Amino acid sequence: MPLAQIIGTGSYAPAQVLTNRDLEKIVDTSDAWITERTGIRERRKAAPGEATSDMAVAAARKALEMAGTRPEELDLIVVGTITPDMPMPSCAVLVQAKLGAKKAFAFDVAAACAGSVYALSVADQFMRTGQAKRALVIGADLFTSVLNWKDRNTCVLFGDGAGAMVLAPAEEEGRGILSTRLRTDGTLADILTIPAGGSKEPLTEEILREQRHKVSMNGREVFKTAVRELTAITHEALQAHGLKPNQVDHVIAHQANLRILEAVLQRVEIPIEKCWINLDKYGNTSAASVPIALDEVNRAGKLKRGDLIAMMAVGAGMTWGSAVVRW
Ligand code: COA
């Protein structure tokens, strides 16, 4: 069975830009603090009425166009998201309907900011067994919908967006998704969480007043876990293929904080210049960030046939994962 190969990429970011200066008017923060601590300068915010599935479809259409694939040819749609349009049904089924991908079975994967790497890995398994021959993998989050705009610890970090990848069987041996790795530590569930509004504590007026249906985070613990685990999983992924860090051509990493990326890449001995960085423009777009970065590198013409790509992402859970791809 040939490996699965990424044959098309697409991305979408809403038009409205929220700069650090705009946030200075909302919470007690400053452009200097946000830029120095995170590298983020601005982020995008979805328009009123714009839903996660709308962003996902916009990114998917671009990826399908690049792949020369019609929606009807898709066997599988996996959407990594924790901000679906509604609790039920999944975002993926809405995407399936909007695209007219009649043949595809569709479902969401909830792994927060690691969502697209989780979704890619899940789709890759279906491709490896032959149960899917064409798959659409999307990472999409409308994260501004779950932010507490009075909490400066979180509201300055995130933005909205979507990215998509189309998978098909590789035409050449040795090219494609060489491996994926997924890891979870549920004992860290409370360091990055939307604590209420689910089955444990259904919405009440008190919860709404206290904004406990919005994201809450222990930033320092998330930071430490992210650096430790992304370093470990990237080492492990490269070692599994007998690869040295200098054989990596591109790093496509979840864009949470520039300091996290610098710390990880220093530890895995890959120069930061090999990592596409766009968090200054979009902030942390959660599950969307890896496929948006991949699409930008791809459309910039930087990916050459045979290039080695190391992908990595980490998110609430904590969840994290990596993918090694031969382009
Ligand atoms: N503007 C101004 N000050 C802020 C602020 C903001 N937006 N957010 C927090 N602060 C304050 C804190 O209240 C704290 O003040 P105190 O010392 O008086 O309590 C101070 O800044 C320093 O906070 P600290 O936690 O030491 O900052 P930091 O260097 O760890 O940076 C984060 C904070 C959130 C940027 C950093 O911890 C981080 O990026 N963590 C990972 C978050 C993440 O990536 N989440 C998503 C993972 S997918």
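By class, 14 nonpolar, 8 polar and 4 charged residues make up the lining of the second largest pocket. I begin with this pocket, in what is a predicted model. The second largest pocket holds about 590 Å³ of space. Its lining comprises 26 residues, and those closest to the centre are Leu157, Met217, Gly219, Arg220 and Asn257. Two or more residues each come from α2 (31-38), α6 (152-155), α8 (219-240), α9 (258-267) and β12 (308-315). Of these elements, α8 provides the largest share, with 5 residues.

Where does the second largest pocket lie relative to domain 1 and domain 2? Both domain 1 (4-173) and domain 2 (177-326) contribute to its lining, and the pocket therefore lies between them.

That brings me to the domains themselves. The domain assignment divides the protein chain into domain 1, residues 4-173, and domain 2, residues 177-326. Taken over C-alpha atoms, their centres are separated by 14 Å. Domain 1 places 56 residues in the contact, and domain 2 places 47.

I turn now to the largest pocket. Its volume is about 780 Å³. Of its 29 lining residues, Ile82, Thr83, Pro84, Val146 and Ile194 are the closest to the centre. The lining divides into 19 nonpolar, 8 polar and 2 charged residues. Here too, each domain is represented: at least three lining residues are drawn from domain 1 (4-173) and at least three from domain 2 (177-326).

Next, helix α4, which spans residues 91-99. Which of its residues are buried? They are Cys91, Ala92, Val95, Gln96 and Leu99. These residues cover an arc of only 140° around the axis, so they sit on the same side of α4. The general background is that an α-helix has 3.6 residues a turn, so residues three or four places apart point the same way. The buried residues of α4 pack against one helix, α3 (52-67), and against the strands β4 (76-80), β5 (105-109) and β6 (135-142). After α4 comes glycine 100, with a positive phi near 75°.

In the loop between β4 and α4 we find proline 89. The peptide bond leading to proline 89 from methionine 88 is cis, and its omega is near 0°. A cis peptide bond also joins glycine 317 to methionine 318, with omega about -5°. Methionine 318 belongs to the loop between β12 and β13 (319-326).

Let me now take two residues that have a positive phi although neither is a glycine: glutamine 211, at about 60°, and serine 286, at about 60°. Glutamine 211 is located in the loop between α7 (205-210) and β10 (216-217). Serine 286 is in the loop between α10 (279-282) and α11 (289-299). How do they stand in terms of burial? Glutamine 211 has a relative accessible area of 25% and is partly exposed. Serine 286, with a relative accessible area of 1%, falls under the 20% cut-off and is therefore buried.

Finally, I consider glutamine 5, in strand β1 (residues 4-12). Is glutamine 5 buried or exposed? Its relative accessible area is 11%, under the limit of 20%, so glutamine 5 counts as buried. Leaving aside residues up to four places away in sequence, glutamine 5 touches Val166, Leu167, Ala168, Ala170, Glu171, Arg175 and Gly176.

Note on methods: Residues numbered from 1 in each chain as written. Predicted model: local features only at pLDDT ≥ 70, side-chain atom pairs only at ≥ 80, totals over all residues. Heavy atoms only, no water. 1 Å grid on protein atoms, 1.4 Å probe; cavity = no way out; pocket = protein on both sides within 12 Å on 5 of 7 lines; lining within 4 Å. Points joined across faces, edges and corners; volume = space filled by probe spheres on them. Nonpolar A, V, L, I, M, F, W, Y, C, P; charged D, E, K, R; others polar. Domains from an automatic or database assignment. Helix = DSSP H or I, 4+ residues; strand = E, 2+ residues; numbered from the N terminus. Buried < 20%, exposed > 50% of the residue type's maximum accessible area, 1.4 Å probe, protein only. Arc of directions from axis to C-beta. Contact = heavy atoms within 4.5 Å.
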